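Work through the exercises below with the sequence and the structure side by side. Try each task before you read its solution.

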Amino acid sequence: VDLVPQRLENDTKIEPGKQLCSVLTDSGVHDPVYDMGMKEVFQRVFSSGVVLSHIPKMFACLFAAPLWKNSKFQPEIEGFSNGADSVITSIQMILPAICKSREETMTMLQDFVVLSAYALLHMNSRVEAKDREYRDFHIPSMMIFMSKFMESCKNMSLHVLEECLPFTLMRTKIIEIYERLKLETDEKSTGA
């Protein structure tokens with residue numbers, strides 16, 4: 001545990017998963033991403049079907065976490081203001097490590113997408129109703145997160161997300177972000 005802060009201090013650039021892999025390597029794991037020993041440990045910890053079945057729900061609940069408060073997608077860097085997009089890498093590295101088969105991994109990824117889409121729809125309706133509890137959450141950025149997640153899932157069709165989260169709603173929210181950027185750019189250029 002003490003290695004993590006040291007690793008973060010020594011690395012000049014934070015990269016998703018890099019510090020964890022470095023810590024695991026420092027701890028004696030030869031190749032933490034593909035190390036069978038680590039995979040075996042993860043599988044033993046999560047071998048209970050009850051625990052495993054809750055993993056997609058836990059990931060979907062991340063949208064309610066403080067990480068997402070005031071987190072915004074920034075088009076100029078094609079990333080999030082607080083590195084929230086590193087969650088994509090984390091999910092895609094953790095699930096194959098704890099699942100016994102590729103099919104089980106794909107099922108869990110699909111469950112995550114479906115649950116996350118429903119969570120976003122619920123949060124969006126609460127934001128539009130001016131619910132104070134959700135005023136700090138930037139739903140358009142969360143929708144971009146889901147879009148980027150789907151782009152990174154090579155073996156999953158986009159229709160999994162589109163069945164739950166209408167493409168027109170997602171597109172409208174994404175356009176909002178780019179319109180905001182254009183407005184800010186125009187204001188800077190005119191000196192307003």
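Helices (H or I, at least four residues) and strands (E, at least two) are DSSP runs, numbered from the N terminus. The model is a predicted one, in which local features need pLDDT of at least 70 and side-chain atom pairs count only at pLDDT 80 or more, while totals for chains, interfaces and linings use all residues. Residues are numbered from 1 along each chain as its sequence is written, and side-chain values use heavy atoms, with hydrogens and water left out.

**Exercise 1.** Find the helix that holds P56, decide whether P56 is buried or exposed, and list its contacts beyond four places in sequence.

*Solution.* Begin with the helix: P56 belongs to α4, which covers residues 49–60. Next take the accessibility, where buried means under 20% relative accessible area, exposed over 50% and partly exposed in between, with a 1.4 Å probe and protein chains only. P56 counts as buried because its relative accessibility is 3%. Then look for contacts, meaning heavy atoms within 4.5 Å: leaving aside neighbours within four places in sequence, P56 touches M108, D111, F112 and L115. Finally, compare sequence with space: P56 and L115 are 59 residues apart along the chain, yet their C-alpha atoms are separated by 7.5 Å.

**Exercise 2.** Place S116 in its helix and describe its surroundings.

*Solution.* S116 sits in α6, the helix of residues 102–128. Its relative accessibility is 0%, and therefore S116 counts as buried. Apart from neighbours within four places in sequence, S116 is in contact with A60, F63 and M146.

**Exercise 3.** Which residues line the largest cavity, and of what classes are they?

*Solution.* First fix the term: on a 1 Å grid over the protein atoms alone, a cavity is a set of points where a 1.4 Å probe fits but cannot get out, and lining residues have an atom within 4 Å of a point. Grid points are joined across faces, edges and corners, and a volume is the space filled by probe spheres set on the points. The search of the whole structure yields 1 cavity of 30 Å³ or more, and the largest cavity holds about 40 Å³ of space. Its lining consists of F59, L62, F63, W68, V87, F112, S116 and F145. Now sort them, counting Ala, Val, Leu, Ile, Met, Phe, Trp, Tyr, Cys and Pro as nonpolar, Asp, Glu, Lys and Arg as charged, and the others, Gly among them, as polar: the lining has 7 nonpolar, 1 polar and no charged residues.

How values were computed: 1 Å grid on protein atoms, 1.4 Å probe; cavity = no way out; pocket = protein on both sides within 12 Å on 5 of 7 lines; lining within 4 Å.
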